[in-house]
Amino acid sequence: MSERVERAAGGLVVRQGRQGREVLLIDDAYGQVAFPKGHLEPGETWEEAAVREILEETGVRARIVGDIGRIEYRIERNGDPVRKQVRLYLLQAEGDASPVHQVEEVNAAYFLPWDEAKARHEERGYPNWAFAFAKAEAILDWLDGGFEEKFRQLSLAAPVADVDQAFVAARAALNKLVAACRAEVLQTLPQVPWFPAKDVSLPRPKPSAEAVQAAIESTLLRPEASEIDIQNLCAEAIRKKWPTVCVSPRHVALARRFLGAEPVRVCTVIGFPHGASTPGALRFEVADAVASGAVEIDMVGPVGALCEGDLASWYLAVRAVVDTAHQFADPPVVKVILETSALAIDGVIKGALVAAAAGADFVKTSTGFHTGGARIADVAAMAMAVAGRAGVKASAGIRTPEAAVQLLRYGADRLGTSAAAKLLP
């Protein structure tokens with residue numbers, strides 16, 4: 001019998017009180033201190049359910065400003081197995097109405113000053129949400145500092161001095177986010193073999209022209225690309241000494257034949273570009289790509305799962321590809337595409353952490369088919385998250401020498417680009 005799934009959503013609600021930031025807590029029917037939350041109704045999104053449940057349980061209206069995380073556990077209901085999924089958001093209270101508990105499962109609802117609320121939750125809260133306050137504090141530091149605008153939205157064309165200044169200002173908040181996300185995934189994915197945290201020194205020294213060239217993956221993934229286009233890509237790689245070409249699966253064998261004994265690696269993509277393939281389909285794609293001559297594989301992880309905090313599905317997909325790759329005598333390099341433009345900054349960090357823990361050789365920013373490409377802040381966050389356990393590949397939108405240098409300084413080890421010839425002066 002398959003498990004029934006029950007979903008619930010709620011949140012950690014904050015407001016500015018007379019003595020500083022306050023947190024909304026409830027005393028539930030089991031004598032525990034908790035955050036207001038409840039079941040998703042048919043047709044609701046996670047976000048809609050969180051806002052509605054908080055209002056129904058406490059009378060407090062609030063708006064979502066961030067994501068605390070998602071936990072899963074199993075229970076029995078009437079003798080039947082139930083898979084419980086609970087997602088918490090970070091919300092800002094609107095208005096100054098005092099909370100009033102409004103459902104029979106809630107014995108009291110109240111705001112407490114931050115430190116007092118944290119201490120009460122540590123004493124009487126549910127252990128599976130032990131990371132909630134640290135995660136909320138890290139997100140609030142990021143938002144309060146304006147780093148989403150001041151650092152993450154910086155263009156690849158921004159002057160070096162502006163980028164360095166923005167990173168110096170954001171570094172403490174980014175370090176705090178990485179630590180909080182690590183605590184979250186340690187709690188929510190205890191079955192995963194985690195790797196040690198390590199400080200990462202950024203920015204790196206300015207790379208030489210030779211270092212830029214060595215990082216380039218000359219890419220042609222347009223669906224309308226012809227065989228002649230692929231041959232021309234490979235000919236340019238030979239002529240310019242690009243170390244890698246990245247082509248669609250149907251063009252792998254062609255590229256391998258054309259390159260012959262030339263020292264140019266052939267990379268391809270799987271689950272591309274939407275990240276909607278099943279683990280079984282991804283396994284087949286790995287085997288097919290290797291049989292055709294690929295020595296590197298860029299997989300699109302299940303982006304939708306990562307967007308809704310389903311780290312377990314993200315891990316299982318990456319693990320399926322890594323395990324299949326490792327069945328070969330010469331395993332292909334595995335790079336995992338996060339599609340960073342679809343994620344909040346903490347989603348970028350968690351996606352990179354979990355992919356590295358699953359055994360990926362690289363984490364990668366983008367497919368080039370979403371709304372945005374590589375960003376300096378995302379590359380830095382990924383580098384800080386994987387902490388040397390995996391490399392970082394920046395891709396999409398990299399069209400100038402200045403952009404290449406910026407990304408390599410801030411943690412990229414590879415550069416996926418359809419404009420390879422433009423990256424060297």
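**Note on helix 7 and the helix 12/helix 13 pair**

1. In this predicted model, the buried residues of helix 7 are covered by elements that include strand 8 (216–220), strand 9 (244–247) and helix 8 (252–259).

2. The residues concerned are Ile230, Leu233, Cys234 and Ala237, the buried residues of helix 7. They lie on the same side of helix 7, because the arc they cover around the axis is only 95°. This fits a general property of the fold: an α-helix has 3.6 residues a turn, so residues three or four places apart point the same way.

3. The other side of helix 7 carries Ile228 and Arg239, both of which are exposed. Here exposed stands for over 50% relative accessible area, and buried for under 20%.

4. The length of helix 7 (residues 227–240) is consistent with its residue count. Its 14 residues, at 1.5 Å a residue, should span 20 Å, and the end C-alpha atoms are indeed 20 Å apart. After helix 7 comes Lys241, with a positive phi near 65°.

5. A second point concerns the packing of helix 12 (residues 345–357) against helix 13 (residues 376–386): their axes are 8 Å apart and the angle is about 40°. Helix 12 and helix 13 are therefore oblique to each other, since angles under 35 degrees count as roughly parallel and 65 to 115 as roughly perpendicular. Their crossing is right-handed.

6. On the helix 12 side, the contact is made by Ile345, Val348, Ile349, Ala352, Leu353 and Ala356. Helix 13 contributes Ala377, Asp378, Ala381, Met382, Ala385 and Val386.

How values were computed:
Residues are numbered from 1 along each chain as its sequence is written. This is a predicted model: local features need pLDDT of at least 70, side-chain atom pairs count only at pLDDT 80 or more; totals for chains, interfaces and linings use all residues. Side-chain values use heavy atoms; hydrogens and water are left out. Helices (H or I, at least four residues) and strands (E, at least two) are DSSP runs, numbered from the N terminus. The expected span of a helix is 1.5 Å times one less than its number of residues. Buried means under 20% relative accessible area, exposed over 50%, partly exposed in between (1.4 Å probe, protein chains only). The arc is that of the directions from the helix axis to the C-beta atoms. Contact means heavy atoms within 4.5 Å. Axes are lines fitted to C-alpha atoms, for helices over the stretch in contact, and angles run from 0 to 180 degrees between N-to-C directions. Angles under 35 degrees count as roughly parallel, over 145 as roughly antiparallel, 65 to 115 as roughly perpendicular and the rest as oblique. A crossing is left-handed if the near helix is turned anticlockwise from the far one by less than a right angle, and right-handed if clockwise.
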